[in-house]
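Could you walk me through this protein as if I were seeing a structure for the very first time? Please keep it relaxed, and point at actual residues as you go.

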Amino acid sequence: MLISVIGAGYLGATHAACLAADGHQVVGIDIDTHRVERLSSGQAPFHEPGLDELIAGSVESGTLVFDTDVRRAAEAEVHFLCVGTPQRAGSHAADLSALDDAVGSLAALLRRPCLVVGKSTVPVGTARTLGARLRERAPAGREVEVAWNPEFLREGHAVQDSLHPDRLVFGVGSDEADQVLRDVYARAINEGTPVVRTDLETAELAKVSANIMLASRISLVNLLAEVCEAAQADVGDLTRILGLDDRIGARFLRPGVGFGGGCLAKDTRAFVARAEELGLGGPASVLREVDAINMRQRSRTVDRAVALLGGRAAGRRVAVLGAAFKAGSDDVRDSPALDVAATLHARGAEVHVYDAEAAMNVRRVHPQLHVEASVDDACRGAEVVLVLTEWEEFRGIDPVALAGVVASPRVVDGRLVLDPDKWRASGWDFQALGRGTA
Ligand SMILES: NC(=O)c1ccc[n+]([C@@H]2O[C@H](COP(=O)([O-])OP(=O)(O)OC[C@H]3O[C@@H](n4cnc5c(N)ncnc54)[C@H](O)[C@@H]3O)[C@@H](O)[C@H]2O)c1
């Protein structure tokens, strides 16, 4: 099939590459010239395991092309909308301006019957409004149909998740639209991926609901961690006990510095904003606490570090290991690690950050921080070390060797990736959120 993907960011670039790998002819459109140049040269504009190879192969064979000119998408049978829907400035609601612009420029080009499929995460009700607008403005009129096909990929596993999704959700208004999506995803469906066919509104809600469930779970476990600390209980044992209950399960039960990235926080806030519009602000306010508990993890981490420094950060050298919002990605959008690093810097500390993948993004977003090339470089002369992204590399740090590099062996494990016994036995003052100060 000839398919266009509008918006070539973390979601769109991956989706375009995976559609091309499945044998479709794909044109990716983005307004960011630099991004399009990079993609056209066969390179991913960000770190995502396996994506470079996938893009390079399809760009070389000509099945995947990128352009800034949306007219290049005009002939496609299916158009996927993958532009960003960030938090609106000065509000908790989603900013749909990129989606409005994308739909606005696409509409005038639609002269033949086609399916426009939303993949961006949007407030419930958006798809129906967009559909009406498209049909009104497109020369093809009622021959243009809108569907919603939310994306559940996880950054750091984006290629794997796109090629082998655990479910496909088709929000459609007709059998024809359902069939088109089945053709697009034929390989994954033949592989056994379950498809849930539903209406537009349920499909829109599917993604944001998944994110608020995950966000709530993380904040709940962080609440438990804080209670454990206050009551001198052990959150490691507690989460193990909870995880053995198969109604609860063991995944996503790790306390720490909290969630970040381009999705969980903004989707939680946008859900509350939309619930308020629907007259459900009262019950949705539980999610404000989820957000507040999450943000509190960052200030608690800063407080821990400052306490270890004897109550004063000014002029002290601090090492921050990890900058990406999660391991496997170089994405620093709303990264708890970087937030903590920047706060410590604002309090006068000299902050040295190391992240093997996200260094360039740190320099772009926080040029005031020192970006280092290795764990040792970041930790040299440090009076406290903070581990804030769960990179595998940090699990393997030898505490004995690192004790010889730092000025004072003090560490805050914000992701529970280090072995407390081993670090303490090597002479470190070891602290972790939820684990008390023993
Ligand atoms: N990142 C994820 O893991 C993920 C997962 C599932 C869903 N989503 C959702 O997908 C959407 C995109 O997220 P993202 O992380 O890829 O964002 P992103 O910021 O990485 O990418 C968005 C891209 O859209 C481009 N763009 C903006 N306006 C445009 C226009 N008018 N025409 C063409 N391109 C335009 C931007 O230049 C940018 O490259 C969001 O709604 C997000 O919530 C993201």
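Let's start with V320 and the residues it meets. If you skip anything up to four places away in the sequence, V320 touches A337, V340, A341, V351, V353, L386 and L388. Keep in mind that you're looking at a predicted model, so everything here is read off computed atoms. V320 sits in strand β9, which covers residues 317-321, and several of its partners, including A337, V340 and A341, fall in the range of helix α14 (336-346).

That crowd belongs to something bigger. The largest nonpolar core has 139 residues, and V320, L321 and L386 are the ones touching the most other members. Which helix gives this core its largest share? That's α9, with eleven residues. As a general background point, nonpolar side chains tend to be buried together in soluble globular proteins.

While we're at α9, have a look at R217, which has its place in this helix, residues 200-231. R217 has 17 C-beta neighbours inside 10 Å, so it counts as partly exposed. Follow the chain for 73 residues and you get to V290, yet the C-alpha atoms of R217 and V290 are separated by just 8.7 Å.

Now zoom out. The chain is divided into domain 1 (2-198), domain 2 (208-290) and domain 3 (297-432). The C-alpha centres of domain 1 and domain 3 lie 37 Å apart, and the contact between them takes eight residues from domain 1 and seven from domain 3. On the domain 1 side, the touching residues split into three nonpolar, three polar and two charged.

R154 and S329 make a nice pair to find on screen. They're 175 residues apart in sequence, but their C-alpha atoms are 9.6 Å apart in space. R154 is in the loop between β6 (144-148) and α6, and it counts as partly exposed because it has 13 C-beta neighbours inside 10 Å.

Next, go to the loop between β9 and α14, where you'll find D331. Is D331 buried or exposed? It's buried, because 25 other C-beta atoms lie within 10 Å. Leaving out neighbours within four places in sequence, D331 is in contact with Y10, F46, E155, G261, G262, A324 and F325. For a sense of scale, D331 and A76 are 255 residues apart in sequence and 30 Å apart in space, C-alpha to C-alpha.

D334 lies in that loop between β9 and α14 too. D334 has a positive phi of about 45 degrees although it is not a glycine. Most residues other than glycine have a negative phi. D334 counts as partly exposed, because it has 18 C-beta neighbours inside 10 Å. F252 also has a positive phi, near 60 degrees, in a residue other than glycine. You'll find F252 in the loop between α10 (235-243) and α11 (264-277), and with 14 C-beta neighbours inside 10 Å it counts as partly exposed.

For a contrast with D331, try A89, in the loop between β4 (78-81) and α4. A89 is exposed, because it has 6 other C-beta atoms within 10 Å. A89 and G131 are 42 residues apart along the chain, and their C-alpha atoms are separated by 26 Å.

Helix α3, residues 51-61, shows how a helix can have two sides. Its buried residues are L51, L54, I55, S58 and V59. Seen down the axis of α3, these fall within an arc of 120 degrees, so they line one face of the helix. The face turned away from that buried side carries the exposed residues E60 and S61. What covers the buried residues includes α1, α2 (33-40), β3 (64-67) and α6 (158-163). Right after α3 comes G62, whose phi is positive, near 85 degrees.

Last stop: the ligand. How many residues are around it? There are 26, and G7, G9, L11, S120 and T121 come nearest. Helices α1 (10-21) and α4 (97-107) each supply at least two residues of this shell. By type, the shell divides into twelve nonpolar, eight polar and six charged residues.

Technical notes:
Residues numbered from 1 in each chain as written. Predicted model: local features only at pLDDT ≥ 70, side-chain atom pairs only at ≥ 80, totals over all residues. Near = placed C-beta within 6 Å. Helix = DSSP H or I, 4+ residues; strand = E, 2+ residues; numbered from the N terminus. Nonpolar A, V, L, I, M, F, W, Y, C, P; charged D, E, K, R; others polar. Buried ≥ 20, exposed ≤ 12 C-beta atoms within 10 Å, placed from the backbone. Arc of directions from axis to C-beta. Contact = placed C-beta atoms within 7 Å. Domains from an automatic or database assignment. Core = buried A, V, L, I, M, F, W, Y, C linked by C-beta atoms within 7 Å.
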